[in-house]
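User: I should like to learn how to read the features of a structural model. Please take me through one, giving the general idea before the particular case.

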Amino acid sequence: MVLKSIRHYQQCGGSIKHFATSCNFIPTCSDYTYQAIERFGLIKGMKLVLERIHRCDEPDCVVIRDEPIPEKQIELKIKTK
């Protein structure tokens, strides 16, 4: 269900349409989310996604960062404010 929702979001315009901004990463955040959940499952995949979103600090950044899905799950410590 979650993966299907991600594909629907992408097909309906993704970040450009819904947030008026383009993704700062390759793969895009929605592709990264899809791949992370598919590879590691919902809980571990979302930990990776949240960590990545925390690194997204410049909307429409000129330099696009290439950041593929890790080959294996790594220990992540998500920072909370």
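User: What percentage of the 81 residues in the protein do buried residues make up?

Analyst: The model is a predicted one. In this protein, 28% of the 81 residues are buried. Its accessible surface amounts to about 6,100 Å², and carbon and sulfur atoms contribute 60% of that area.

User: Which pattern does the protein follow along the sequence?

Analyst: Its secondary structure comprises four helices and two strands. Along the sequence these occur in the order α-α-β-α-α-β.

User: What share of the contacts with a separation of 6 or more comes from residues 24 or more positions apart?

Analyst: Such residues provide 68% of the contacts in that class.

User: How should I read the packing of two helices, and at what angle do H1 and H3 pack?

Analyst: As a general matter, a packed pair of helices is described by the angle between the two axes and by the distance separating those axes. Here, helix H1, spanning residues 2-11, packs against helix H3, spanning residues 29-40, at an angle of about 165 degrees, and their axes lie 10 Å apart. Angles over 145 degrees count as roughly antiparallel, and H1 and H3 are therefore roughly antiparallel to each other. The crossing of H1 past H3 is left-handed.

User: Which residues of H1 and H3 meet?

Analyst: From H1, the participants are Val2, Leu3, Ile6, Arg7, Tyr9 and Gln10. Their counterparts in H3 are Ser30, Asp31, Thr33, Tyr34, Ile37 and Glu38.

User: Is tyrosine 34 buried or exposed?

Analyst: Tyrosine 34, which belongs to helix H3, has a relative accessibility of 15%. The cut-off for a buried residue is under 20%, so tyrosine 34 counts as buried.

User: Which residues does tyrosine 34 touch, leaving aside those up to four places away in sequence?

Analyst: With those neighbours set aside, tyrosine 34 touches Leu3, Ile6 and Arg7. There is also a C-alpha separation to consider: tyrosine 34 and lysine 4 are 30 residues apart along the chain, and their C-alpha atoms are 9.1 Å apart.

User: How many disulfides does the structure hold?

Analyst: In general, a disulfide is a covalent bond that joins the sulfur atoms of two cysteines. This structure holds zero disulfides. As for accessibility, cysteine 12 is partly exposed, at a relative accessible area of 30%. Cysteine 29 also counts as partly exposed, with 23% relative accessibility.

Note on methods:
Residues are numbered from 1 along each chain as its sequence is written. This is a predicted model: local features need pLDDT of at least 70, side-chain atom pairs count only at pLDDT 80 or more; totals for chains, interfaces and linings use all residues. Side-chain values use heavy atoms; hydrogens and water are left out. Buried means under 20% relative accessible area, exposed over 50%, partly exposed in between (1.4 Å probe, protein chains only). Contact means heavy atoms within 4.5 Å. Accessible areas come from the Shrake-Rupley method with a 1.4 Å probe; for residues, only the protein chains shown count as cover. A disulfide is a pair of cysteine sulfur atoms within 2.5 Å. Axes are lines fitted to C-alpha atoms, for helices over the stretch in contact, and angles run from 0 to 180 degrees between N-to-C directions. Angles under 35 degrees count as roughly parallel, over 145 as roughly antiparallel, 65 to 115 as roughly perpendicular and the rest as oblique. A crossing is left-handed if the near helix is turned anticlockwise from the far one by less than a right angle, and right-handed if clockwise.
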